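Grab a coffee and work through a few short exercises on the structure shown here. Try each task yourself before reading the solution.

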Amino acid sequence: MVHPENNAEYEGLVVNAGVDQQEIVNPYLSRMRKRRNRLFTPDEYVEGILKGDVTMLSQAVTLVESTLPEHQLIAQEVIEKCLPYSGNSVRVGISGVPGAGKSTSIDAFGIEVLERYGGKLAVLAIDPSSEKTKGSILGDKTRMERLSVHPKSFIRPSPSAGSLGGVARKTRETIILCEAAGFDRIFVETVGVGQSETACHSMVDYFLLIQLAGTGDELQGIKRGIMEIADGIVINKADGNNVDKAELAASHFRNALHLFPMPESGIIPEVQCYSGFYDLNVDKVMKMVFDYIDKVKESGYFQYRRNEQAKYWMYESINEHLRNNFYYNAKIKSMLKDAENAVLGGQKTSFVAAHDLLETYFMEIRG
Ligand code: GDP
């Protein structure tokens, strides 16, 4: 079978739009699901998760994603009780622009990992845009044909509610639950636009960037920041008449990477070409990832990075809590618009307006 993109008439590589989410075939399905999802006690969830019960895991993840306070209360207790059983995994972040071939690649990478390295694989996603686009398909089961029916895989689309910080936190908490349920390989998919890569980077042991070969000047299109956080770069769609272009792009990336400062890990990121669709060199890409993990485990950087991430998440949680507390405060809410107008009208500087609001807030919470 020849992929359309390998057709001789095909010019360069395009970014294809993904497919639309399908309509629910049976409108009663969601109702039935709701009825089935009765709440259990935190201990019941924990017991189910530790036994590797995927239904219990799924339901607990739903509570993690819920914004209802009573769900959050249970979820937080479940997370806390699962925490001692978590951590024993390899977490890989996979990023790329829409059309780069993330879903196709994750399907291929996942099968390779399960077959060659064993274990159980959970595929999660961070996609803060999914609320706007009404159900993005990142992590959608139907896009990962082989993994979605594999008995040792668990695929969960991105939590869809809230800010990037909120979505990322939920994904991180979901990682803990998955690990407690025995999933020792975690893939976190994220769309390579905006800030979500940084959030993803802050929860994985290896950050893999999927790129496409283009017209030769692709390096210019890449934000410096994302190159700096990549632990490895892979050029997808190196098949058919794209192989040479992909190799050329790879050498550009290799040259560019040498100009960056040495990463903290002490390992210069590798660059590989592969084809997720045709399963070419997928084994090499996974070997690159797992060799890196072996090296950093030996050097101690693996644990160092996890510790740094744990600290980062503590501060992130504090920041988010403080911010929410401030903006949800009734008095502050009622004053924000006026303050904004005062700044726009030139009656107050931004700093004075901010200072006044904060003063009011601190007075409020002191009672
Ligand atoms: P995502 O949006 O990053 O998840 O990308 P998809 O996995 O949905 O892939 C986008 C398009 O690229 C689809 O038409 C795929 O069939 C195609 N594609 C993905 N991987 C490859 C590959 O290795 N080679 C070729 N030729 N096409 C691919």
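The exercises below go from the whole chain to the sheet, then to one helix and some aromatic rings.

This is a predicted model, in which local features need pLDDT of at least 70 and side-chain atom pairs count only at pLDDT 80 or more, while totals for chains, interfaces and linings use all residues. Residues are numbered from 1 along each chain as its sequence is written, and side-chain values use heavy atoms, with hydrogens and water left out.

**Exercise 1. The whole chain**

Task: find how many helices and strands the chain holds, and what percentage of its residues count as buried.

Solution. Step one is to list the DSSP runs, taking helices as H or I of at least four residues and strands as E of at least two, numbered from the N terminus. That gives 13 helices and seven strands. Step two is burial: buried means under 20% relative accessible area, exposed over 50%, and partly exposed in between, with a 1.4 Å probe and protein chains only. Of the 367 residues, 46% count as buried.

**Exercise 2. The sheet**

Task: work out the strand order, and which strands sit at the edges.

Solution. Begin with pairing, which requires that DSSP finds at least two bridges between two strands. The seven strands form an open sheet with parallel pairing, in the order β3-β2-β4-β1-β5-β6-β7. The edges are β3 (153-155) and β7 (270-273), each of which pairs on one side only. From one strand to the next, the twist averages 20 degrees; axes are lines fitted to C-alpha atoms, for helices over the stretch in contact, and angles run from 0 to 180 degrees between N-to-C directions.

Now zoom in on one pair. Five bridges join β5 (residues 206-212) to β6 (residues 232-236) in the parallel sense, and I210 stands opposite V234 in β6.

Finally, add two helices. Using contact as heavy atoms within 4.5 Å, helix α6 (residues 164-180) lies across β1, β2, β3 and β4, at about 170 degrees to β2. Helix α10 (residues 282-299) lies across β1, β4, β5, β6 and β7, at about 155 degrees to β5.

**Exercise 3. Helix α13**

Task: explain why the buried residues of α13 line one face of the helix.

Solution. First check the length: the expected span is 1.5 Å times one less than the number of residues. For the 17 residues of α13 (residues 350-366) this gives 24 Å, which agrees with end C-alpha atoms 24 Å apart. Next, note that A353, L357, T360 and Y361 are buried. Seen down the axis, the buried residues fall within an arc of 100 degrees, so they line one face; the arc uses directions from the helix axis to the C-beta atoms. These buried residues pack against α11 (301-327) and α12 (330-344). The face turned away from the buried side carries exposed F351, M363 and R366. Just after α13, G367 takes a positive phi of about 85 degrees.

**Exercise 4. Aromatic rings**

Task: classify the pair F154 and F183, then the pair F277 and Y278.

Solution. Rings of Phe, Tyr and Trp (its six-membered ring) pair if their centres lie within 6.5 Å; planes under 30 degrees apart are stacked, over 60 edge-to-face, and the rest tilted. The structure holds eleven aromatic pairs. F154 and F183, at 5.7 Å and 40 degrees, form a tilted pair. The pair links β3 with the loop between α6 and β4, 29 residues apart. F154 is buried at 5%, and F183 is buried at 2%. F277 and Y278 have centres 5.1 Å apart and planes at 80 degrees, so the pair is edge-to-face. F277 is partly exposed at 42%, and Y278 is partly exposed at 27%.
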